[in-house]
Amino acid sequence: HRPRTLLTLSLLTAALALPALAGGTSLADKSRAVVVRFEDEFKNKANLSIVNETHAPDFVAHGLAPTAVNRDQLKGLGSSVFAAFPDVKATLEDVVVSGDRVVTRVTIKATHKGAFNGIPATGKSVTWSEMHIYRVKDGKIAEQWSNVDFLSLLTQLGAIPPPPAAK
């Protein structure tokens with residue numbers, strides 16, 4: 001049975017490679033592309049309307065606010081961030097695709113030039129990290145789960161005291 005198994009594996013490997021050899025784009029590549037486009041356009045270019053192109057009409061985000069957020073609310077959150085940090089620069093550190101999920105690890109650098117969550121502008125340069133899991137369906141972002149390091153951001157803005165120094 002070993003020759004038949006090797007033949008089956010060889011045929012399977014060739015079939016999986018065929019789209020790439022023929023210039024095709026895999027579902028994983030398409031999912032990655034839509035998420036990377038959103039991350040760049042939305043965060044680095046403050047293009048709020050990109051959400052209409054990259055997100056499903058019934059999109060839902062978890063972890064960005066106390067309750068789930070839809071497309072319009074996501075644009076509102078973005079608008080608030082850009083008003084407070086107009087020079088946001090997002091760097092994608094990692095992008096991992098598995099099935100219908102795309103995971104990103106992002107570093108954000110910005111200057112606090114406007115009010116943010118009741119904190120008046122400080123003029124401070126800040127850096128924070130974000131991690132997002134996106135579920136992509138039919139080429140659109142359908143759902144998102146996020147962890148944003150607000151503790152670090154609020155500490156840098158002086159809104160909360162830094163943790164005690166290690167002894």
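Let's start with Glu 41, which counts as buried because its relative accessibility is 18%, and the cut-off for buried is under 20%. Keep in mind as you look around that this is a predicted model. You'll find Glu 41 in helix α2, the stretch covering residues 27–44. What does Glu 41 touch, once residues up to four places away in sequence are set aside? Its contacts are then Ala 46, Asn 47 and Ile 50.

Now turn to the sheet. Five strands make it up, and going across you meet them in the order β1-β5-β4-β3-β2. It's an open sheet, with mixed pairing. At the edges sit β1 and β2, each with pairing on one side only. Ignoring direction, neighbouring strands here are turned against each other by 20° on average.

Let's walk in from the β2 edge. Strand β2 takes in residues 89–98, and strand β3 takes in residues 101–111. The two run antiparallel and are joined by nine bridges. If you want to trace the pairing by eye, look for Val 95, which has Thr 104 of β3 opposite it. Another pair to look for is Val 97 with its bridge partner in β3, Val 102. Between the two strands of this hairpin there are two residues, and Gly 99 has a positive phi near 60°.

Carry on from β3 and you come to strand β4, residues 125–137. These two strands are antiparallel as well, with 11 bridges between them. Here Val 106 makes a handy landmark: across from it in β4 is Glu 130. As you follow any of these strands, it helps to know that side chains in a regular strand alternate between the two faces of the sheet.

That leaves helix α4, residues 71–84. Does its length come out as expected or not? With 14 residues at 1.5 Å a residue, α4 should span 20 Å, and its end C-alpha atoms are indeed 20 Å apart, so the two agree. At the start of the helix, a side-chain oxygen of Asn 70 comes to within 3.1 Å of the backbone nitrogen of Asp 72.

Which residues of α4 are buried? They are Arg 71, Leu 74, Lys 75, Gly 78, Phe 82 and Ala 84. Among the elements covering them are α2, α3 (50–54), β1 (55–62) and β3. So our tour loops back to α2, the helix that holds Glu 41.

Terms used
Residues numbered from 1 in each chain as written. Predicted model: local features only at pLDDT ≥ 70, side-chain atom pairs only at ≥ 80, totals over all residues. Heavy atoms only, no water. Helix = DSSP H or I, 4+ residues; strand = E, 2+ residues; numbered from the N terminus. Buried < 20%, exposed > 50% of the residue type's maximum accessible area, 1.4 Å probe, protein only. Contact = heavy atoms within 4.5 Å. Pairing = 2+ DSSP bridges. Expected span 1.5 Å × (residues − 1). Polar contact = N/O pair within 3.5 Å; in protein donor to acceptor, adjacent residues only side chain to side chain. Axes fitted to C-alpha atoms, helices over the stretch in contact; angles between N-to-C directions.
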